[in-house]
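Me: I'd like to learn how to read a structure model at the bench. Could you walk me through one?

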Amino acid sequence: MLNKKTIEYKLKHNPWIQKAYGILFSSFFRLIGLFVKTDESLVLLTSYGGRAYNDSPRVLFEAMAGHPLFKKYRFVWAFQKPERFGIVNAEKVKMDSLRYFLTALRARIWITNVNVERGLRFKKKQTIYLNTWHGTLPKTGGNAVNGRNDYDFSYVDILCCDGEYSKNLYIKEHNAFEKNIIYSGRPREDALYRVSAETIENYRRMLELPKDRRVILYAPTWRESRDSGKSYSIEVPINIEKWKNELGDEFIILFRAHFLTERINGIEFDHFIRNVSDYPEVNHLYAVSDVLISDYSSVFSDYAILEKPMVCFAYDYDEYVRTRGVNHEYYEGFPGGILLSEDEVVDRIKHMDYTEECRKTGEFRTKLLSRGDNATEMCIAALAAKVMRN
């Protein structure tokens with residue numbers, strides 16, 4: 001029997017099923033939409049496909065809830081498991097239910113960091129769609145991924161962007177219109193521009209980090225399912241005892257898996273390497289970390305804002321390029337290049353010139369990111385302008 005994950009996998013990887021699904025259900029909901037009146041004061045929000053209450057949609061929700069223009073608005077959050085979340089001043093709806101789609105048809109404003117229409121096209125002309133997206137990717141994304149042809153940001157009215165690199169990818173890989181892109185950065189990232197020593201110390205206390213250890217954040221991206229969508233796991237080829245022997249006197253490691261990763265194989269967590277995959281605020285982890293290790297994840301662009309050392313540990317680079325693809329432009333000039341083995345990674349961390357590595361990250365940030373720091377304000381202003389205009 002097919003479960004929801006398997007169905008989603010087939011929708012993402014079979015262009016014929018994608019097309020049939022899109023035509024059938026888009027037509028159905030457009031028809032239903034003819035009989036559903038728009039609620040001028042209704043806002044629908046989702047984060048990571050209904051998996052979380054976080055990221056830029058949450059930042060915007062909290063800002064809008066206290067904004068005079070949106071004081072009389074109703075907010076509805078969509079979740080895959082609504083019972084797990086308690087939210088003040090908002091209603092909840094189950095993702096992908098009939099009620100969810102009816103709410104989407106009624107809502108005046110949509111806000112998300114992934115998608116709202118679930119691969120369909122039924123947005124009404126009067127609905128204002130703000131997509132913050134969730135990161136600046138070094139890996140191939142959108143319709144450039146093998147088997148994907150379902151991304152269409154041409155109907156997104158406000159699309160957050162942090163520079164020319166992201167803009168070009170939105171247009172090429174997501175079918176976005178340049179006229180709808182705002183150079184703002186992302187609301188969640190605003191806080192990263194304002195991190196202070198006091199902030200870091202507060203977060204370290206919250207995370208109960210030892211005072212005599214520096215922090216490595218290891219945050220690899222997800223790997224494609226190997227069983228047709230039944231599960232998503234990651235197997236990191238590291239000898240944790242070796243890392244403990246080489247780095248344990250000075251560092252601890254915070255391991256954060258991608259939100260789609262369901263199982264972490266090959267690592268037993270302890271006082272040296274902690275699992276923070278479910279920690280709700282990734283910005284806290286960025287702030288307390290002294291070094292970031294990742295591979296093909298957008299966490300690099302987030303972390304670059306802080307101008308701290310970054311290490312690219314791409315142990316499966318050749319396979320990943322072949323099966324998923326990377327944007328080589330991103331890695332040109334990446335601080336320290338691409339490392340393929342754990343020995344290289346451990347050696348880099350043990351012998352790095354910290355000040356020099358910070359400088360290199362700063363150069364990378366300047367190249368990649370040209371906008372940021374006031375995305376929340378810019379998004380609300382853009383929404384306000386659309387609301388007043390329409």
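Reply: Happily; we will go through cysteines, helix packing and a few single residues. This is a predicted model, in which local features need pLDDT of at least 70, side-chain atom pairs count only at pLDDT 80 or more, and totals for chains, interfaces and linings use all residues. Residues are numbered from 1 along each chain as its sequence is written, and side-chain values use heavy atoms, with hydrogens and water left out.

Me: Let's start with disulfides. How many does a search of the whole structure find?

Reply: A disulfide is a covalent bond between the sulfur atoms of two cysteines. Here the test is a pair of cysteine sulfur atoms within 2.5 Å, and the search of the whole structure finds 0.

Me: Why does Cys-160 not form a bond with Cys-379?

Reply: The two sulfurs are 3.3 Å apart, which is too far for a bond, although Cys-379 holds the closest cysteine sulfur to that of Cys-160. For Cys-358, the closest cysteine sulfur is in Cys-312, 18 Å away, so that is too far as well.

Me: Are those cysteines, Cys-160 and Cys-358, buried or exposed?

Reply: Burial is read from relative accessible area: buried means under 20%, exposed over 50%, and partly exposed in between (1.4 Å probe, protein chains only). Cys-160 is buried at 0%, and Cys-358, at 18%, is buried too.

Me: Now helices. How do α7 and α12 pack?

Reply: Helices (H or I, at least four residues) and strands (E, at least two) are DSSP runs, numbered from the N terminus. Axes are lines fitted to C-alpha atoms, for helices over the stretch in contact, and angles run from 0 to 180 degrees between N-to-C directions. Helix α7 covers residues 240–247 and helix α12 residues 342–351; their axes lie 11 Å apart at an angle of about 15°. Angles under 35 degrees count as roughly parallel, over 145 as roughly antiparallel, 65 to 115 as roughly perpendicular and the rest as oblique, so α7 and α12 are roughly parallel to each other.

Me: Which residues make the contact between α7 and α12?

Reply: Contact means heavy atoms within 4.5 Å. From α7 come Lys-242, Trp-243, Glu-246 and Leu-247, while α12 brings Glu-342, Asp-343, Val-345, Val-346, Ile-349 and Lys-350. By class, 5 are nonpolar, none polar and 5 charged. In that scheme Ala, Val, Leu, Ile, Met, Phe, Trp, Tyr, Cys and Pro count as nonpolar, Asp, Glu, Lys and Arg as charged, and the others, Gly among them, as polar.

Me: What about α2 and α4?

Reply: The axes of α2 (residues 15–33) and α4 (residues 98–106) come within 10 Å and cross at roughly 60°. That makes α2 oblique to α4. Phe-29, Ile-32 and Gly-33 of α2 meet Leu-98, Phe-101, Leu-102 and Leu-105 of α4. This contact has 6 nonpolar residues, 1 polar and no charged.

Me: Which residues of α3 are buried, and what covers them?

Reply: In α3 (residues 55–65), the buried residues are Asp-55, Ser-56, Pro-57, Leu-60, Phe-61 and Met-64. Their cover includes β1 (39–45), β2 (74–79), β4 (107–112), β5 (128–131) and α14 (375–389).

Me: Finally, where does Glu-91 lie, and what does Glu-91 touch?

Reply: Glu-91 lies in strand β3 (residues 91–94) and is partly exposed at 32%. Leaving aside neighbours within four places in sequence, Glu-91 is in contact with Arg-74, Phe-75, Val-76, Trp-77 and Arg-99.
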